[in-house]
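Biologist: Please take one arginine in this model and go through its surroundings closely. Add whatever helps to place it in the rest of the structure.

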Protein chains: 2
Amino acid sequence: MLRRSERIAVLAKYLNDYPSRLFSLSFFVELLGVAKSTVSEDLSLIRESWRSKGLGDLVTVPGASGGVKYVPCLSEEAIDRLLKDLAGQLADSHRILPGGFIYMSDIIGDPVITEQVGQIFANMFSETQADYVVTIATKGIPLAIATARALNLTTVIIRNDNKVTEGSSVSLNYITSSRTIRTMSLSRRALKEGARVLFIDDFMKAGSTAQGVVKLVKEFGAEVVGTGFLVTTAQPEEKMITDYHALLTLEKVDEALAQVVINPAPKKQVK
Amino acid sequence: MLRRSERIAVLAKYLNDYPSRLFSLSFFVELLGVAKSTVSEDLSLIRESWRSKGLGDLVTVPGASGGVKYVPCLSEEAIDRLLKDLAGQLADSHRILPGGFIYMSDIIGDPVITEQVGQIFANMFSETQADYVVTIATKGIPLAIATARALNLTTVIIRNDNKVTEGSSVSLNYITSSRTIRTMSLSRRALKEGARVLFIDDFMKAGSTAQGVVKLVKEFGAEVVGTGFLVTTAQPEEKMITDYHALLTLEKVDEALAQVVINPAPKKQVK
């Protein structure tokens, strides 16, 4: 039989391993071989200590089919710190690519940064009752996966090609802001009719891709109920979609002066 | 001042949030406001209770630059259970696609499955001293990310196109088993010279893609030191690469009979 602090170590691990998954109290009663009231006390203790250190929340769902789940949640200070740090990293002139683009694959490939960005999006969209997190290949994928993990949802990846391994697909042609025609394609099996989806991506300029995603999702009888970008450009101010959240705003890239201006997005957008 | 069980809740959360990251004891001393000896005792207690429930290990690194890290580790039973369950799901005849392919994007998009697969690969390759986890777009990405998270490494994604947002790239043409020529491309900034990389992907048939990845990585003066696939086909028996690990073996897909035969790979491969 485990002592209280040993039980806490086990409970904390289970809850933290499966964000947003509802665990019944009986699951823990069986796992630990103690009474329900003991499990409840242990959970309260974890909730209080995590809250006191800004490590997220435990939410109790009452009733017969209820239980407890861990909801990841970054504090305002942690979000501010992360976004300022990211803006600083992205403003490094060595990241400037020909055409005024910014290299950011290394940042998106960093598990610690991605995990935190996913938690921010998960908090933003926790009320949307989404069923899936959708993204479009390739750079949005790590951010979408982290968001989906925090919300305990499946990630769905829209592709730029039509692969035999996806089976019958729905495709949509769209015109990018650089006036080229591209195709996006999604397996018919990927989304259930009536599904509510979050769209997460790394970058938006004019929003033609995002608008394409909204339309493609509609073809499935599904609906985009939340949209989040790591970075959007300040220009053009008018985007082709209106309802979105961004974490960072790219004001300007000046190739000649080797200068990048990028800032955390205004608070009202970060909600 | 936190009580022991409250400290345990906080420590467990930090360690579990950052797999394979080395925390110095002084970090926790400052965080919790207690003596080093107290932190050591708390950590031993977490280690014992996690071990007793098969929840992974805490590894202590001695010396001035030492500390403690959490190493995710699935038990043999958990691995067996997962692979049998995956084989069962993938054998469902509804997954058969025209051409004898199997739909598996939904499984790869599931955060719980992906996380576990990533931990298996992380354990397999924990001794390789890898610096990056490399994959090729698109379906291997979630598995590579989960492996990288477990090992605290950056994920690097090889693309099938050459995008302006990647800057100067190294490209390589290769011939697939269906005799078509394809291109794979990786940003010159993505890998440091001399780097050791793990290659993780969802599927291998003849191994032409994997062989291409090995060659492309060499172009960077880097080296593939471990290769893992979720599924490999039983045929052809001779692959174009020899040193790899697979979790599942796809024996046969019979479209006419609507039959799939897929099994956990022989133990010697799972190591």
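Modeller: What follows covers A:R159, then the cysteines and one helix of the other chain. This is a predicted model, so local features need pLDDT of at least 70 and side-chain atom pairs pLDDT 80 or more, while totals for chains, interfaces and linings use all residues. Residues are numbered from 1 along each chain as written, chains are lettered from A and ligands numbered from 1 in written order, and side-chain values use heavy atoms, without hydrogens and water.

A:R159 sits in the loop that links β6 (154-158) to β7 (169-175) of chain A; strands are DSSP runs of E, at least two residues, and helices runs of H or I, at least four, numbered from the N terminus. Its relative accessibility is 4%, so A:R159 is buried (under 20% relative accessible area; exposed is over 50%, partly exposed in between; 1.4 Å probe, protein chains only). Leaving out residues up to four places away in sequence, A:R159 has contacts (heavy atoms within 4.5 Å) in chain A with A:E166, A:T183, A:M184 and A:S185, and in chain B with B:T138 and B:K139. Its side chain also makes a polar contact of 2.9 Å with that of A:D161 (N or O atoms within 3.5 Å, one able to donate a hydrogen and the other to accept it; sequence neighbours count only if both atoms are side-chain atoms). A:T135, 24 residues away along the chain, has its C-alpha atom 8.9 Å from that of A:R159.

Elsewhere, zero disulfides (cysteine sulfur atoms within 2.5 Å) are found over all chains. A:C73 is partly exposed because its relative accessible area is 36%, and B:C73 is partly exposed at 36%. In chain B, 13 of the 14 residues of α1 are buried. The end C-alpha atoms of α1 (residues 4-17) of chain B lie 20 Å apart, which agrees with the expected 20 Å (1.5 Å times one less than the number of residues).
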